[in-house]
Amino acid sequence: MRKFQIGEFEEIVLLTVGILHGNAYGVTIKDEIEGRLDREVSVGALQTTLRRLEKKGFLQSTHGESTKSRGGRPKLYFTITAYGKRAIEYTRQTRNELWKSLPQLVLNLD
Amino acid sequence: MPPPKLPLKLLKWFCKPDYHLDIEGDLLELYDHRKKTLGDKKAKFLLIKDVLLLFRPGIVRSFTTSQKLNHIAMLRHNFILTFRSFKRYKTSFLINIIGLSTGLASALLIYLWINDELNVDKFHDKDGQIYQIMQNFDTPNGIVTRNYTPAHLAKALLKEIPEVEFATSTNTVYQSNWAKGIVSSEGIFMDAKGILADEDYFSVFSYNLIRGNKDLVLEDKNSIVISERLAKKLFKPTENIIGKTLEWKNENLRSIFQVSGIFENTPLNSTVQFDFIINYNVLLDNNSESRDWNSDHAYTYLVLKEGTDTERFNEKIAGFLGSKHPQREKCSLFVQQYSKRYLYGKYENGVPVGGRIMYVRLFFAIALFILLIACINFMNLSTAQASRKMKAIGIKKAIGINRGALIIQFLGESTLMAILSLAVALLIVVLLLPQFNIITEKHLHLNPDIPDTLSIVGIVLVTGIISGIYPAFYLSGFNPATVLKGKFGTAFNELLVRRVLVIFQLTLSAVFIVGFLVIYKQIELTQTKNLGYDQDNVITFQRQGEIDVNGFEVFLSELKNTPGVVNASTIAGNIMKQINLNAGYSWQGSTPEDGEIVFPSPEVNYNFIETLGIELKEGRSFSHEYSNEFSKLVINEAAAKMIGFKDPIGKYVKRNQREMQIIGVVKNFHYTSLHESIRPVFFRYGPNGRTVMVKIKNGAEETTIENLKEIYEKFHPNYPFEFTFLDEDYQMLYDSENKVSALSKYFAGLAILISCLGLFGLASFTTERRIKEIGIRKIMGSNAFDIVRLLTGNFTKTIIISIVISLPASYLLAKNWLDSFAYRIDLEWWYFAGAGILVLFIAWITVGLQTIKAARVNPVNCLKDE
């Protein structure tokens with residue numbers, strides 16, 4: 001049964017929004033992923049993923065305050081919805097189950 | 001340093017509006033941060049890269065209008081508005097509809113004509129590969145190009161040159177007597193005109209055979225292929241005609257032929273029209289001269305293999321005739337695509353330089369310009385009346401209509417106008433087409449088929465768009481705030497544009513008038529110029545059938561004794577169309593090259609020079625009283641000048657080694673059209689010419705012709721007496737000029753009419769706008785004359801500018817056209833002045849009618865309201 005369809009990058013974004021808890025908007029999410037995972041994230045890729053996740057109902061967004069460096073443009077903060085939480089729980093569970101079933105032998109083989 | 005604007009603008013353009021603000025915020029924040037850590041350049045680069053990478057499906061907005069408009073309601077709304085404005089402003093509606101419909105009607109007529117012209121001879125399946133052999137002769141006046149060739153050329157080319165796929169020869173007009181005569185079968189007699197052609201004829205040309213095999217129908221010398229029309233007339237019942245026999249006789253032969261095939265009547269757009277075809281060998285068998293490589297008795301048509309390079313092919317065949325006969329070394333051959341000959345049938349220095357295509361282009365330009373003049377009327381009237389629409393546009397814009405929708409509305413209005421005009425134009429075309437067909441000698445008709453309909457729809461749409469495009473952009477560009485405030489000043493630019501457009505119209509009209517005048521005067525010159533001979537009351541006809549040599553003498557003397565006949569003579573060939581051309585003349589002091597020059601040298605009977613009234617300058621003409629006239633020559637002044645003898649009478653000229661004595665010199669006369677200059681002519685004596693020319697006493701034409709008919713029928717039983725007047729034959733030489741003259745009259749008139757309509761509309765509108773001013777002026781003491789002067793003053797300036805512009809344009813055009821005549825009128829100043837004054841006068845009347853009406857208005861009436 002495929003309850004939740006989440007891609008690899010989507011999962012990362014969801015988790016990062018969770019990590020940033022309350023301070024997750026475009027720039028911070030980008031910085032966080034780049035800092036933690038040591039991979040380049042383009043604004044385009046990030047934005048499309050964020051919007052897609054929002055559309056799927058895993059994230060919700062609220063307009064926030066603005067700063068001078070943003071030229072007066074508001075920040076758009078993202079938070080995980082309950083549905084989103086269930087989704088990452090689900091992926092984690094399925095991963096764990098898979099890990100459990102993996103024979104030790106396979107991992108020990110070089 | 002502030003962030004670069006362009007990438008952000010780009011983002012704004014393609015990004016979904018909902019997403020735009022915060023994404024831009026993120027980008028700006030990133031830019032700010034990067035600027036501090038990485039430096040300006042790098043930050044800028046990364047910003048651009050980010051924006052470009054944002055161009056992906058999740059972010060890019062949809063480019064269709066975000067809100068669905070109710071298109072049908074909009075369309076209906078526009079329709080209603082358009083019809084209301086038509087109803088309300090009847091004058092401008094009428095002006096537009098009259099202008100556009102006459103413009104469209106003339107464009108449609110010209111379209112039909114051009115289409116027909118362009119398709120002449122194009123119906124053959126192998127059109128692109130069919131070529132006609134042309135021949136260049138060296139003459140003292142440069143190279144002369146002719147289409148006739150030796151009869152054996154077709155077969156020789158087919159055998160010797162691999163690129164030739166099929167080749168056929170047909171008789172030339174010079175031998176048309178061979179293929180003209182009486183066909184009879186089962187007691188039915190018919191006059192019929194046909195051609196003689198080689199076996200390959202139906203492989204080259206696509207005249208459809210209904211019965212018979214195209215490879216075999218002309219195999220046999222006794223076969224005849226007849227047209228459907230002839231078959232229906234000759235045979236009853238019309239089944240099983242193949243194999244039946246018919247008798248055919250003319251002056252040259254009388255023979256029984258067997259029908260071997262039937263072809264569909266030749267299409268109207270074929271330059272060659274015939275009712276039967278017989279084998280070309282009939283001519284070769286009966287006319288020994290035609291078998292000679294040094295005589296031209298055939299047109300030669302080839303089908304070249306696909307992909308043949310005609311340039312290289314021409315190089316190959318250029319000297320072909322020289323290799324067959326030593327006397328033809330100066331004659332070089334080349335090929336021209338058969339279907340192109342109709343439009344490109346004029347040659348200079350041995351290469352085609354145009355011909356009828358000139359008239360096709362001319363009329364295309366005329367159609368375009370007349371339509372443009374009509375379009376300009378629409379533009380001018382709708383921009384001049386902008387103030388009427390101002391408020392509506394202002395309110396619409398304030399409510400939030402976008403400019404595109406307004407533009408569509410105005411374009412729709414003009415297109416609707418064009419469509420309405422089309423309905424009127426079609427009616428005009430249907431009414432005028434019979435008359436137009438008479439003038440152009442065509443069989444044009446409106447076809448409801450797809451290509452024609454598409455072209456007509458195309459013409460109408462283009463007309464609608466051209467006339468609507470300027471008003472649409474102009475009217476939709478107003479600033480709603482100023483317009484609604486009631487401030488409406490006419491911009492200087494707009495006045496200028498309108499004025500330029502009027503100048504354009506009037507200039508064209510003036511050019512058309514000059515064009516018409518020049519054509520008319522040149523045609524008049526061709527009618528009135530002293531040609532050096534008298535063509536009035538001269539009738540020509542052909543002797544038919546077999547005639548013994550003495551028969552000529554008896555026949556001529558009987559003609560001369562007929563009451564009412566002034567003089568009579570005969571000539572071989574035809575003075576207007578085909579004078580015999582001969583080379584091989586030499587004289588004291590002539591070069592070997594001169595011997596190869598081809599001169600017109602007609603064989604004429606006694607009294608020929610007198611019958612035509614050609615003036616004798618020195619010596620005498622051929623006469624009974626002297627013996628051995630066969631070795632005498634009468635030459636024209638041009639010939640005398642070329643030979644260069646001081647006193648030519650009594651001197652000798654050699655023709656093919658035979659001494660011939662010059663006995664007379666006649667004044668130069670124009671035996672062909674004025675397009676060509678006078679060439680040296682050598683008259684020879686020959687009693688057996690078949691073209692009879694009879695000069696009739698003035699006033700006794702009818703009875704004399706009756707008498708001549710009796711004599712003719714006595715000598716030529718079974719042949720109808722068919723004659724033409726020489727002056728009519730002469731008119732035929734100016735066939736296309738006469739047509740152009742007739743048509744240019746109508747089109748010049750139309751151009752003037754349509755421009756004046758526009759002027760009338762503008763004048764009535766400006767006076768209407770200034771009616772209060774006029775009222776006040778009158779109260780203050782202006783008289784009617786002052787007001788007329790005030791109102792017409794502006795127009796007068798415009799008119800004069802157009803006339804000045806039209807002068808050089810019309811001069812160049814007229815000069816260009818006249819250059820095709822060797823004898824032409826001088827361009828007199830008054831053609832231009834006359835045209836200018838005419839335009840000025842007509843325009844004044846048009847404007848004056850309006851202004852006088854306005855000037856006579858009672859000030860009370862125009863000032864009382866408000």
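## Domains of chain B

In this predicted model, the domain assignment divides chain B into domain 1 (5-54), domain 2 (81-118 + 356-483), domain 3 (127-342), domain 4 (490-530 + 732-866) and domain 5 (545-718). The centres of domain 3 of chain B and domain 5 of chain B, taken over C-alpha atoms, are separated by 30 Å.

## Helix α26 of chain B

Helix α26 of chain B covers residues 829-855, and because each residue should add 1.5 Å, its 27 residues are expected to span 39 Å, with which the 37 Å between its end C-alpha atoms agrees. The helix α26(B) nevertheless has a kink of about 30 degrees, which is centred on B:Gly848.

Buried residues of α26(B) include B:Tyr831, B:Phe832, B:Ala835, B:Gly836 and B:Val839, and the list continues with B:Ala843, B:Thr846, B:Val847, B:Gln850, B:Thr851, B:Ala854 and B:Ala855. An α-helix has 3.6 residues a turn, so residues three or four places apart point the same way.

## Fold and shape of chain A

Chain A contains five helices and two strands, and along the sequence these elements follow the pattern α-α-α-β-β-α-α. The radius of gyration of chain A is 17 Å, whereas the globule rule gives 13 Å for 110 residues, so the chain is more spread out than a compact globule. Along its principal axes, the C-alpha trace of chain A spans about 60 × 30 × 20 Å.

Of the 110 residues in chain A, 26% are buried. Among the contacts in chain A between residues at least 6 apart in sequence, 46% join residues that are at least 24 apart.

Key: Residues are numbered from 1 along each chain as its sequence is written. Chains are lettered from A and ligands numbered from 1 in the order in which they are written. This is a predicted model: local features need pLDDT of at least 70, side-chain atom pairs count only at pLDDT 80 or more; totals for chains, interfaces and linings use all residues. Helices (H or I, at least four residues) and strands (E, at least two) are DSSP runs, numbered from the N terminus. The expected span of a helix is 1.5 Å times one less than its number of residues. The bend at a residue is the angle between axes fitted to the seven residues ending there and the seven starting there. A residue is buried if 20 or more other C-beta atoms lie within 10 Å of its own, exposed if 12 or fewer, and partly exposed in between; C-beta atoms are placed from the backbone. The radius of gyration is taken over C-alpha atoms; the globule rule is 2.2 Å times the number of residues to the power 0.38. Two residues are in contact if their C-beta atoms, placed from the backbone, lie within 7 Å. Domain bounds come from an automatic or database domain assignment.
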